[in-house]
Amino acid sequence: MNIAYWIVAGLLALFYLYSGAVKAIRDRDRLRPMMAWVDRMPMPAVRALGAVEILGAAGLVLPPLTGIAPWLALAAAIGFVLLQIGAVAVHLTGEDRQITLNVGLIAMTALVIWPATTWL
């Protein structure tokens, strides 16, 4: 179970670290081809989402790795599920309606939640 956690959590952390960095650094014009919803959100909100994703990626990996407050991994995983539920809502209210990636991320994060409960 521990190996499964590290594989899935590592992949999720890499994905969210990249996604968060892109949202935190790039301007609206460079985000638009990848994220059609960026025109409907103020840029400070997009930057805040990027920061949340970067912090969540660190929360999935660092606490269990260091043994300091490992319950934060569970909190980060639950936070990512809530974030993706919100992302599904944003996509469904917009014009793109592409939620396949979001549903996949919810499923992967749900796989991380169960082993993360062992550190409580």
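**Entry 1: α3 against α4**

I began with the pair α3 and α4 in this predicted model, and found that their axes come within 8 Å and cross at roughly 145°. I noted the crossing of α3 and α4 as left-handed. On the α3 side I listed L49, E53, G56, A57, G59, L60, P63 and P64 as making the contact, and on the α4 side L72, A73, A76, A77, F80 and L83. Sorting the residues of this contact by character, I get 11 nonpolar, 2 polar and 1 charged.

**Entry 2: the loop between α3 and α4**

I then went to the loop that joins α3 and α4, where A69 is found. Its backbone caught my eye, since A69 has a positive phi of about 50° although it is not a glycine. For background I wrote down that most residues other than glycine have a negative phi. As to exposure, I have A69 as partly exposed, because its relative accessible area is 26%, which lies between the limits of 20% for buried and 50% for exposed.

I also looked at T66, which is still part of helix α3. With a relative accessible area of 49%, T66 is partly exposed, and I noted that this value falls under the 50% that an exposed residue has to pass. I took one distance from here: the C-alpha atoms of T66 and T93 are separated by 40 Å, with these positions 27 residues apart along the chain.

**Entry 3: helix α5**

What length should helix α5 have, and what is the distance between its end C-alpha atoms? For the 17 residues of α5, residues 100-116, I expect a span of 24 Å at 1.5 Å a residue, and the end C-alpha atoms are 25 Å apart, so the two values agree. I next listed the residues of α5 that are buried, and these are N102, L105, T109, V112, P115 and A116. They cover an arc of only 135° around the axis, and therefore lie on the same side of α5. On the other side of α5 I found T100, L111 and W114, which are exposed. To see what the buried residues of α5 face, I looked up their packing partners, which are α1 (2-25), α3 (43-66) and α4 (71-93).

From that buried set I picked out N102, which sits in helix α5. I count N102 as buried because its relative accessible area is 7%, under the 20% limit. Leaving aside neighbours within four places in sequence, I find N102 in contact with Q84, A87, V88 and H91.

**Entry 4: helix α1**

I repeated the length check on α1, where 24 residues at 1.5 Å each should span 34 Å, and the end C-alpha atoms are indeed 34 Å apart, so expectation and model agree. Which residues of α1 are buried? My list reads Y5, V8, A9, L12, A13, Y16, S19, G20, V22 and K23. These buried residues of α1 pack against α2 (28-31), α3, α4 and α5.

W6 belongs to helix α1 as well, and I have it as partly exposed, because its relative accessible area is 28%. Not counting residues up to four places away in sequence, W6 touches V61, P64 and L65. For P64 I also took the C-alpha separation from W6, which is 9.5 Å although the two positions lie 58 residues apart along the chain. I noted that P64 appeared earlier, among the α3 residues that make the contact with α4.

**Entry 5: L31 in α2**

Is L31 of helix α2 buried or exposed? I count L31 as buried, because its relative accessibility is 0%, and I placed L31 in helix α2. Its contacts, not counting residues up to four places away in sequence, are V22, K23, R26, V38, M43 and V46. Of these, V22 and K23 are also among the buried residues of α1. Last, I took the C-alpha separation of L31 and Y16, which is 15 Å for positions 15 residues apart along the chain.

Notes. Residues numbered from 1 in each chain as written. Predicted model: local features only at pLDDT ≥ 70, side-chain atom pairs only at ≥ 80, totals over all residues. Heavy atoms only, no water. Helix = DSSP H or I, 4+ residues; strand = E, 2+ residues; numbered from the N terminus. Expected span 1.5 Å × (residues − 1). Buried < 20%, exposed > 50% of the residue type's maximum accessible area, 1.4 Å probe, protein only. Arc of directions from axis to C-beta. Contact = heavy atoms within 4.5 Å. Axes fitted to C-alpha atoms, helices over the stretch in contact; angles between N-to-C directions. Left-handed = near helix turned anticlockwise from the far one by under 90°. Nonpolar A, V, L, I, M, F, W, Y, C, P; charged D, E, K, R; others polar.
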